[in-house]
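Student: I should like to learn how structural terms are justified by values. May we go through an example together?

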Amino acid sequence: MIKVFTTREDFTNYKFGLAHDSIGIIPTMGNLHLGHLSLLKQSLADNTVSVITIFVNPKQFGPNEDFDKYPRTLDEDLAKISNLALHSDLSSNDKKEIIVFAPRNNDEIYPTGFNTIISVKQLTQKLEGKFRPDHFDGVTTVVYRLFKIIGAKNAYFGQKDFQQCIVIKKMIFDLELDIKLNILPIVRNTEGLALSSRNQFLTTEERMAALHLSKTLKQIEMLIKNKEDYKPIIANELNNNKWDYLEVLNAENLEEPNQQTSKLVVIGAFKLGVIRLLDNILVQTV
Ligand code: AMP
C-alpha cells in the first residue's frame, strides 16, 4: 500500500498510529533512479513502514547553484515507487507500507520564522565543504527536521554521498538521536558511472569523460590493495584541473590515514562543464 502526504499536519495525524520502531526513512530530493530505489528496497526489507521523503531543500544549495534547475519529477517518481511496490509483492503483504512525504512547499519543513541551523563543525570544512561552503549546514538542518517529523528508527543513505553520511553520523552521535544510520552501496551504470540525478545533464562526450572518475578511483584502490604507492597517481591527476579534489582518507572520520587505519576511502569530485560528479570507493586494508 502506498500513501502520499504533502503536508506535515496530514503526515503527523497519520503517524500517531505508527510505532517508532517500525519506521524507516529514506530522505531524497526526488528524480528517483535505481540508487534511490535500492535504499527504499532495503528499508522495505527492514521495516514495516518505509517513508521516502521527496523535497528539494533550498538550504543546501549555494546562491549560484542549480536549485531552480534541479529536476522535479514527482509524477514519474510516484510511478517508479508504485512499480517497485508491485514487484516487491507489497500487495500480498498488508503489513508492509510505503509512505511518500513530498512537502508541497518549503513552509512544511521550515515554518515562517524558522531560524535555526544544525551545523556539524570541522568535518564539513573539507572535501565538498571547500567548494560548497554552506551545503552541509543545509543538509544537516533538513535531515534533522525530517528525522523529527517522520520519527523513524532506521535511516537509509547512499555511500555515493560519503561525506554526507559521515557528517550525518556525527550529528546523530553528538545530538544522541534515536535513529540508526544505514549506509548502502553505490549503484552504478554498466560502465561504472555512479547513478546521479545530475547525470542527465551530461552531453554524450561528457558522459564518456565522466568514466575517468570511477576508473581513477579503481586504479588507486588496486594500488592500495597491492600495497603500492598511490601518491604519484594522485599528484599527477591533480594536475588535471577537472578535479576539485582526489584524496585517500580514513573512512571512519575523513582524517589523514596512518599505518593503523584499516578502512580507507578513495574519494573524488570531478567537473564536467557545470556539473560536478562525486564518487568514492571503500578499501579495507587489513
Ligand atoms: P539525493 O536525492 O541526490 O539527495 O539522494 C538521496 C539519497 O540517495 C542519498 O542518500 C544519496 O546518497 C542516495 N543516492 C544517490 N545516488 C545514489 C547511487 N548511485 N547509489 C546509491 N545511493 C544513491
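Student: How much area do domain 1 and domain 2 bury between them?

Tutor: Domain 1 and domain 2 bury about 1,800 Å² between them, and 53% of this area is on carbon and sulfur atoms. Buried area is the accessible area (1.4 Å probe) that two parts lose on being put together, summed over both. Please note that this is a predicted model, in which local features need pLDDT of at least 70 and side-chain atom pairs count only at pLDDT 80 or more, while totals for chains, interfaces and linings use all residues. Residues are numbered from 1 along each chain as its sequence is written, and side-chain values use heavy atoms, with hydrogens and water left out.

Student: Which three residues supply 33% of the area that domain 1 buries against domain 2?

Tutor: They are L127, F131 and F162, which supply more than any other three residues.

Student: What makes R198 and D66 a salt bridge?

Tutor: The term requires a side-chain nitrogen of Lys or Arg within 4 Å of a carboxyl oxygen of Asp or Glu. The closest N and O atoms of R198 and D66 are 2.8 Å apart, so the pair satisfies the rule. Across the interface of domain 1 and domain 2, the rule finds three salt bridges.

Student: Why is the aromatic pair of F61 and F67 called edge-to-face?

Tutor: Rings of Phe, Tyr and Trp (its six-membered ring) pair if their centres lie within 6.5 Å; planes under 30 degrees apart count as stacked, over 60 as edge-to-face and the rest as tilted. For F61 and F67 the centres are 5.3 Å apart and the planes are at 65 degrees, so the pair is edge-to-face.

Student: Why is the pair of Y110 and F114 called tilted?

Tutor: The centres of Y110 and F114 are 5.2 Å apart, with 55 degrees between the planes. This angle is neither under 30 nor over 60 degrees, so the pair is tilted.

Student: Why is Y110 called buried, whereas F114 is called partly exposed?

Tutor: Buried means under 20% relative accessible area, exposed over 50%, and partly exposed in between (1.4 Å probe, protein chains only). Y110 has 8%, so it is buried, whereas F114 has 25% and is therefore partly exposed.

Student: How do you know that the charged end of R72 sits over the ring of F67?

Tutor: The rule asks for NZ of Lys or CZ of Arg within 6 Å of the ring centre and within 35 degrees of the ring normal. The charged end of R72 is 4.7 Å from the centre of the F67 ring. Likewise, K59 lies over the face of Y110, at 4.4 Å from the ring centre.
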